[in-house]
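Work through the exercises below with the sequence and the model at hand. Try each task before reading its solution.

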Amino acid sequence: MPELPEVETVRDGLDRHVLGARVVDVEVLRDYSVRRHDGGPADFRDQLLGQRLDAAVRRGKFLWLPLTPAGSTDGPGDGPAAALLAHLGMSGQLLVRSGPGLGERSPHLRVRLVLEPDGTGPAGALALDFVDQRTFGHLSVQDLVPTPDGAPGGLGSDLAAVPGPVVHIGRDLLDPALRRDDVVDAIRRRRTGVKRALLDQTVVSGVGNIYADEALWRARLHFARATDTLRRPEAHRLLDAAAEVMTEALAQGGTSFDALYVNVNGQSGYFSRSLAVYGQEGEPCPRCGTPVRRDEFMNRSSYTCPRCQPRPRNGRW
């Protein structure tokens, strides 16, 4: 599943390629891809027609485009009432098509937005395609609600609002408005394994299985360590490691294992070449040379170095 660096790579591409464009047509080729939109495909289309895409905003793994009616003089900071919300699920892609690329249609194309660039170009000059092979992703138009803390909703806009379904999602580790001490307190209050807490999107968003394993390795913590045994410096070290590994991945366009993980131009990221433990079962730990171990975890896998990350007895020391 795309994690923060992959979604941020897409957000950055949308910010550079579609802002200011007006929606002039909407094709929903698979109703299931707009299942979270109240009113169904026809209403989804009606809600988007004529709207201007004013910003590309991200919190954790959620991405949204605030909408302003065409002809409005309001800017993105003046309070759009709704946004196009996207969650990429396991395999979702948002791809910008233009010129000769407009004729390209992926066999997994689910929704196409035809855009008029900057409100002045010819209709059909640009398209935003939602491609989703495994169909776990979804698009919807959602009302914007004020952020509980009054800070900007996410990276990409100063607007202190988020789509309704995102209001319960915690801020992510690359969000300037995040208060690390509050996250540390929330983790240490829980009675669970540290990896489960790190994956809890209501505590801190954007971290998935890949970057959780990499962060835990960097912080020398085992995934089963009980959160209520973590000392504050250890919890801070873990959050610092997670932010560090995601920043490095972002610089390389995210982690791509196949053609499902691409930016808006269809290009893959290369951080998979830099992974220390994730997916490296049996390979030597880059730090000590011990073979990396794989364990089952929440119907997935966790990868650790048995020497650098010794498993605590019953999760405790």
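The exercises cover confidence, annotated positions, salt bridges and nonpolar cores.

This is a predicted model, in which local features need pLDDT of at least 70, side-chain atom pairs count only at pLDDT 80 or more, and totals for chains, interfaces and linings use all residues. Residues are numbered from 1 along each chain as its sequence is written, and side-chain values use heavy atoms, with hydrogens and water left out.

**Exercise 1. Find which elements of the protein chain have the lowest and the highest mean pLDDT.**

Step 1. pLDDT is the predictor's confidence in each residue, from 0 to 100. The average for the protein chain is 88, and 87% of the residues score at least 70.

Step 2. Helices (H or I, at least four residues) and strands (E, at least two) are DSSP runs, numbered from the N terminus. Among these elements, H1 has the lowest mean, 88, and helix H2 (residues 40–48) the highest, 98.

Step 3. In residues 254–270 the pLDDT is below 50, and this stretch has 56 contacts (heavy atoms within 4.5 Å) in the model beyond near neighbours in sequence.

**Exercise 2. Locate the residues that UniProt lists under "binding site", and state how Arg134 and Arg190 are placed.**

Step 1. The unreviewed UniProt entry lists His108, Arg134 and Arg190. UniProt positions follow the numbering used here, feature names are shortened, and annotations may be inferred rather than shown by experiment.

Step 2. Arg134 sits in the loop between strand S8 (126–132) and strand S9 (138–146). Arg190 is found in the loop between helix H3 (180–189) and helix H4 (194–199).

Step 3. Buried means under 20% relative accessible area, exposed over 50%, and partly exposed in between (1.4 Å probe, protein chains only). Arg134 is partly exposed because its relative accessible area is 35%; Arg190, at 28%, is also partly exposed.

Step 4. Setting aside neighbours within four places in sequence, Arg190 contacts Ala197, Asp200, Thr202, Val203, Thr227 and Asp228.

**Exercise 3. Describe the salt bridges of Arg16 and Glu27, giving partners and distances.**

Step 1. Side chains of opposite charge can pair when their charged atoms come close. The criterion for a salt bridge is a side-chain nitrogen of Lys or Arg within 4 Å of a carboxyl oxygen of Asp or Glu. The whole structure has 27 salt bridges.

Step 2. Arg16 pairs with Asp12 at 3.0 Å, N to O. Both residues lie in helix H1 (residues 4–17), four residues apart, about one turn of the helix. Arg16 is exposed, at 53%, whereas Asp12 is partly exposed, at 30%.

Step 3. Glu27 pairs with Arg105 at 2.9 Å, N to O. Glu27 lies in strand S1 (residues 22–28) and Arg105 in the loop between strand S6 (92–98) and strand S7 (109–116), so the pair ties together parts that are 78 residues apart in sequence.

Step 4. A network of salt bridges links Glu8, Arg11, Asp15, Arg58 and Asp172.

**Exercise 4. Which element gives the most residues to the largest nonpolar core?**

Step 1. A nonpolar core is a set of buried Ala, Val, Leu, Ile, Met, Phe, Trp, Tyr and Cys residues joined through side-chain atoms within 4.5 Å. The largest has 44 residues, and those touching the most other members include Leu173, Val183 and Leu239.

Step 2. Two or more residues come from each of H3, H4, helix H5 (209–219) and helix H6 (232–251). H6 gives the most, with nine residues.

Step 3. Apart from this core lies another, of 29 residues, among them Val7, Val10, Leu14 and Leu126.
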